[in-house]
Amino acid sequence: MTPLKRLFGDGFRVFFLAAGLFALFSMAVWEFYQIVQALGGVLDLPTAAPPHLWHAHEMIFGYGSAALAGFLLTAVPSWTGAKSAPHRFIAVVAGLWLAGRIAVWASGSLPSALVAVLDLGFVPVLAANLLTQLIKRPKPQQMIILAILATYWIANLMVHLEWTGLTADTAWAGLRAGLLTLGAMIMVLGGRVTPGFTKNAMVQAGREHHLPLNPMPLAGLAIAAALTQPLGYLVGAPQSWLAPFALIAGVAGLIRVALWRGLWTKDKPILWTLHLSYALNALGFLTLGLADLGLTTDIAALHLLGIGGVGGMTLAIMSRATLGHTGRALVAPRPVALAYALIPLAALARCLGAEIPSLATPAILTAGALWLLAFGLFTAALWPVFWGPRAKRSPAGAAPT
């Protein structure tokens with residue numbers, strides 16, 4: 001099998017590689033724009049939207065959708081026992097994702113309706129493939145994934161409705177709903193894999209007592225409260241109404257992660273990064289609730305969610321799934337372990353910049369540099385794994401997503 005065919009043989013290979021490369025491209029553009037602005041210059045991008053909106057949109061719906069696709073195309077067949085998607089389908093959906101990224105990048109010279117069609121075409125095709133698998137053995141905890149994907153797509157639609165001139169003021173709500181949908185997805189999926197993987201590792205190590213606890217009522221409360229946030233923005237609910245639910249989501253999420261025995265993972269980067277990312281995601285919801293009440297800035301809350309929660313959890317899952325599904329030991333290579341530590345630092349730097357206006361520009365540049373270094377390490381370390389064959393023997397502990 002050629003490396004190119006192998007790349008399209010598994011959803012995680014092409015989409016996790018695409019996510020890594022796009023994380024580097026999109027942040028490099030944003031960093032360069034910020035530097036030019038700081039020096040008093042003007043940088044014209046080929047995008048129709050202002051640079052800050054392009055940055056927000058592409059991190060949420062560009063990077064985020066690639067990471068989601070890689071995970072779901074890999075996890076859903078494992079959950080249902082169905083065959084993985086064929087090479088041709090993976091190549092087609094990867095092409096749809098790339099077409100969306102090119103269209104949004106070149107939107108300044110393309111009809112806005114065409115940009116919308118190209119960018120909005122990816123998620124429905126992905127969801128249709130997942131539905132054909134999940135419907136055979138429908139389970140509520142899995143079918144909710146499709147509902148969350150639909151919310152994510154509607155959020156992107158709201159952005160494009162304003163960009164095409166069909167609505168006057170829906171892009172802001174759509175961007176927030178998109179990011180908060182990813183945060184809610186972490187409440188669902190991160191809340192499933194983090195305690196599960198930790199328990200498996202503990203049992204393998206011979207531990208029989210004091211295993212992670214994951215009470216379903218608490219999980220349901222955290223997930224339901226988190227889902228009110230994107231749905232609230234989609235229907236135009238006042239932020240003051242959403243604040244209590246954001247606070248509940250944050251507190252419930254932090255209680256959950258406190259029950260997962262995170263201290264046991266302190267010498268296992270591939271596990272502690274899951275715990276830390278989930279905690280930062282929950283803290284992001286909590287901070288957003290405080291921001292909605294006027295007690296802090298929403299920019300800090302959104303970047304805590306976006307960088308620490310979404311960025312951290314996707315990096316953790318992408319690296320773990322890539323190693324496990326290629327038959328390698330679930331031990332993070334040193335560069336990847338370093339990347340795990342850099343993402344929370346990037347989140348901290350960006351939040352400081354939001355809270356202290358005089359530090360805004362250096363904080364943005366520092367956060368961006370840490371992000372670039374983290375995803376550069378991830379992409380470089382796993383590059384040969386994405387393209388290479390599965391390891392001949394699956395080491396102990398190499399478990400599916």
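1. In this predicted model, helix α9 passes helix α10 in a left-handed crossing. The two helices, residues 216-235 and residues 239-258, pack at an angle of about 150 degrees, and their axes are 8 Å apart.

2. The α9 side of this contact is made by Leu 218, Ala 219, Leu 221, Ala 222, Ala 225, Ala 226, Thr 228, Gln 229, Gly 232 and Tyr 233. On the α10 side they meet Gln 239, Leu 242, Phe 245, Ala 246, Ile 248, Ala 249, Ala 252, Gly 253, Ile 255 and Arg 256. Sorted by class, the residues in the contact of α9 with α10 are 14 nonpolar, five polar and one charged.

3. A second helix pair is α11 (residues 269-292) with α13 (residues 334-355); their axes come within 10 Å and cross at roughly 15 degrees. Because of that angle, α11 counts as roughly parallel to α13. The crossing of α11 and α13 is left-handed.

4. From α11, the contact with α13 takes in Pro 269, Ile 270, Trp 272, Thr 273, Leu 276 and Leu 280. Their partners in α13 are Ala 337, Tyr 340, Ala 341 and Pro 344. This contact has nine nonpolar residues, one polar residue and no charged residues.

5. Turning to open space, the largest pocket has a volume of about 750 Å³. Its lining consists of 30 residues, and those nearest the centre of the pocket are His 52, His 55, Ala 56, Leu 302 and His 303. Two or more lining residues come from each of α2 (11-38), α3 (51-80), α8 (171-204), α12 (298-325), α13 and α14 (360-387). Helix α13 thus appears both in this lining and in the contact with α11.

6. By class, the lining of the largest pocket is made up of 20 nonpolar, six polar and four charged residues.

7. Enclosed space is a separate matter: the structure holds three cavities of 30 Å³ or more. The largest cavity contains about 230 Å³ of space. Of the 16 residues that line the largest cavity, Leu 68, Ile 186, Leu 189, Met 313 and Thr 314 lie nearest its centre.

8. Helices α3, α8 and α12 each supply at least two residues of the lining of the largest cavity. The largest share comes from α8, which gives six residues. The lining of the largest cavity has 13 nonpolar and three polar residues, and no charged residues. Helices α3, α8 and α12 are also among the elements that give two or more residues to the lining of the largest pocket.

9. The second largest cavity holds about 60 Å³ of space. Lining the second largest cavity are Phe 61, Ser 65, Arg 101, Asp 119, Leu 120, Phe 122, Val 123, Tyr 152, Trp 153 and Asn 156. At least two residues of this lining come from each of α3, α5 (112-120), α6 (122-134) and α7 (140-163), and α7 gives the most, with three residues.

10. The lining of the second largest cavity divides by class into six nonpolar, two polar and two charged residues. Charged residues are therefore present in this lining, with Arg 101 and Asp 119 counting as charged, whereas the lining of the largest cavity has no charged residues.

Note on methods: Residues numbered from 1 in each chain as written. Predicted model: local features only at pLDDT ≥ 70, side-chain atom pairs only at ≥ 80, totals over all residues. Heavy atoms only, no water. Axes fitted to C-alpha atoms, helices over the stretch in contact; angles between N-to-C directions. Helix = DSSP H or I, 4+ residues; strand = E, 2+ residues; numbered from the N terminus. Parallel < 35°, antiparallel > 145°, perpendicular 65-115°, else oblique. Left-handed = near helix turned anticlockwise from the far one by under 90°. Contact = heavy atoms within 4.5 Å. 1 Å grid on protein atoms, 1.4 Å probe; cavity = no way out; pocket = protein on both sides within 12 Å on 5 of 7 lines; lining within 4 Å. Points joined across faces, edges and corners; volume = space filled by probe spheres on them.
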